[in-house]
Amino acid sequence: MSSTPSIDASNSVSSTTETIETTRFLLTLWAMSCKDGEVKKSELTSKVKQKRKGKKVGVSQSLYDELQAADVIKIYKRNQIPMVSLTDTGKQQLIVALTHPDFVFDATVVASRLANGLIELIRELYQGGIPNTSVKQAVIASYEEFKAIALQVYDQLNKDYNYDNLVPIYRIRRTIGDQVTRSQFNEWMLEMQANDIFQFIGGSVEDSASDKIEDSISTELVGLRCYAKRL
């Protein structure tokens, strides 16, 4: 008897279906959260429900757990309410999945929230709001190189999002991405402040999201600083 394994077409179809459903889930999350950066988990679960053979099928907790473990989404509580946000890794996964030839909208009419979310994703991608991690970015090797890039990123974000010269530090960190480590980013940003290039402003981010606060800068001496102002 031959020991050559056979190709299970049903498993292939099942895998493709699961990938498409995950992509629709991530696109729904992006569409609902792209303005505020987060969405209530209960509202997201409700929106993702689809009718199949007369029955509504929603997103499973196992999918939430799987995506959170892979750093595709973040789940946390704000005022005791479970919230969900899409990470930069999640945005990249969504972009890759949407460009895959197997992905299709399997409906005659596409919900406006998905279409508008897709448009917003394309806009942010081309405006530099989503780091292009599909290509290995060069590591920033010196303070002088970091300073030039940080100022360029600051000016572009300030222009694209009309920040009125108060650019969120988390936005600068995420746009620069893996070109520097978290600790090196903090050190060089603080050096730019010491050299009177940036002034850091306190307060909190626009929606008090924990991941955005984490990506800001905090020191024992001055506490949390969420915004940068170019001097």
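## Close-up views of a predicted model

**View 1. Ser33 and its surroundings.** Apart from neighbours within four places in sequence, Ser33 touches Glu38 and Val39. Please keep in mind throughout that this is a predicted model. Ser33 belongs to helix H1, which covers residues 9-33. Is Ser33 buried or exposed? With a relative accessible area of 3%, Ser33 is buried, because anything under 20% counts as such. A polar atom of the Ser33 side chain lies 2.6 Å from the backbone oxygen of Leu29. Val39, one of the two contacts of Ser33, turns up again in the next view, where it stands opposite Val84 of strand E5.

**View 2. Strand E5 with its partners E1 and E4.** Strand E5 takes in residues 81-86 and runs antiparallel to strand E1, residues 39-40, with two bridges joining them. How many bridges link E5 to strand E4? There are six, again in the antiparallel sense, and E4 spans residues 73-78. Val84 is a good residue to find here: Val39 stands opposite it, and it is also the bridge partner of Ile75. Follow the chain from E4 to E5 and you pass through a hairpin with two residues between the strands. Asn79 in this hairpin takes a positive phi near 55°.

**View 3. Helix H2 and its buried residues.** Helix H2 runs over residues 41-48, and Lys41, Leu44 and Val48 are buried in it. Where do these three residues lie around the axis? Their arc is only 60°, so they sit on the same side of H2. A general point about helices helps in reading this view: an α-helix has 3.6 residues a turn, so residues three or four places apart point the same way. Lys41 deserves a second look, as it lies over the face of Tyr64, at 4.6 Å from the ring centre.

**View 4. A cluster of aromatic rings built from Phe146, Phe185 and Trp188.** Six aromatic pairs come out of a search of the whole structure. In the pair of Phe146 and Phe185, the ring centres are 5.8 Å apart and the planes meet at 85°, which makes the pair edge-to-face. The two residues come from distant parts of the chain: Phe146 is in helix H6 (residues 143-161), Phe185 is in helix H8 (residues 182-194), and 39 residues separate them. Are these two rings' residues buried or exposed? Phe146 is buried, at 0% relative accessibility, and Phe185 is buried too, at 1%. Ring pairs also bring in Trp188, which joins Phe146 and Phe185 in the cluster.

**View 5. Tyr161 with Tyr163 and Arg171.** Which kind of pair do the rings of Tyr161 and Tyr163 form? The pair is stacked, because the planes are at 25° and the centres lie 5.7 Å apart. The face of Tyr161 also has a charged neighbour: Arg171 lies over it, at 4.4 Å from the ring centre. Tyr161 has a relative accessible area of 22% and is partly exposed, since buried would need a value under 20%.

**View 6. The three-stranded sheet and Phe198.** This open sheet has the strand order E6-E10-E7, and its pairing is antiparallel. Strands E6 (167-168) and E7 (198-201) are the edges, each pairing on one side only. What joins E7 to strand E10? Four bridges do, with E10 covering residues 227-230 and the two strands running antiparallel. Phe200 has Ala228 of E10 as its bridge partner. Phe198 is found in strand E7, and at 1% relative accessibility it is buried. Setting aside neighbours within four places in sequence, the contacts of Phe198 include Ala150, Leu151, Tyr154, Met189 and Met192, as well as Ala228 and Leu231. Leu231 is 33 residues from Phe198 in sequence, yet their C-alpha atoms are 5.6 Å apart in space.

**View 7. The whole chain, to place the close-ups.** The chain has nine helices and ten strands. Of its 231 residues, 38% count as buried. How many of the contacts between residues at least 6 apart in sequence join residues at least 24 apart? The share is 64%.

How values were computed: Residues numbered from 1 in each chain as written. Predicted model: local features only at pLDDT ≥ 70, side-chain atom pairs only at ≥ 80, totals over all residues. Heavy atoms only, no water. Pairing = 2+ DSSP bridges. Phe/Tyr/Trp six-rings, centres within 6.5 Å; stacked < 30°, edge-to-face > 60°. Buried < 20%, exposed > 50% of the residue type's maximum accessible area, 1.4 Å probe, protein only. Lys NZ or Arg CZ within 6 Å of the ring centre and 35° of its normal. Arc of directions from axis to C-beta. Polar contact = N/O pair within 3.5 Å; in protein donor to acceptor, adjacent residues only side chain to side chain. Contact = heavy atoms within 4.5 Å.
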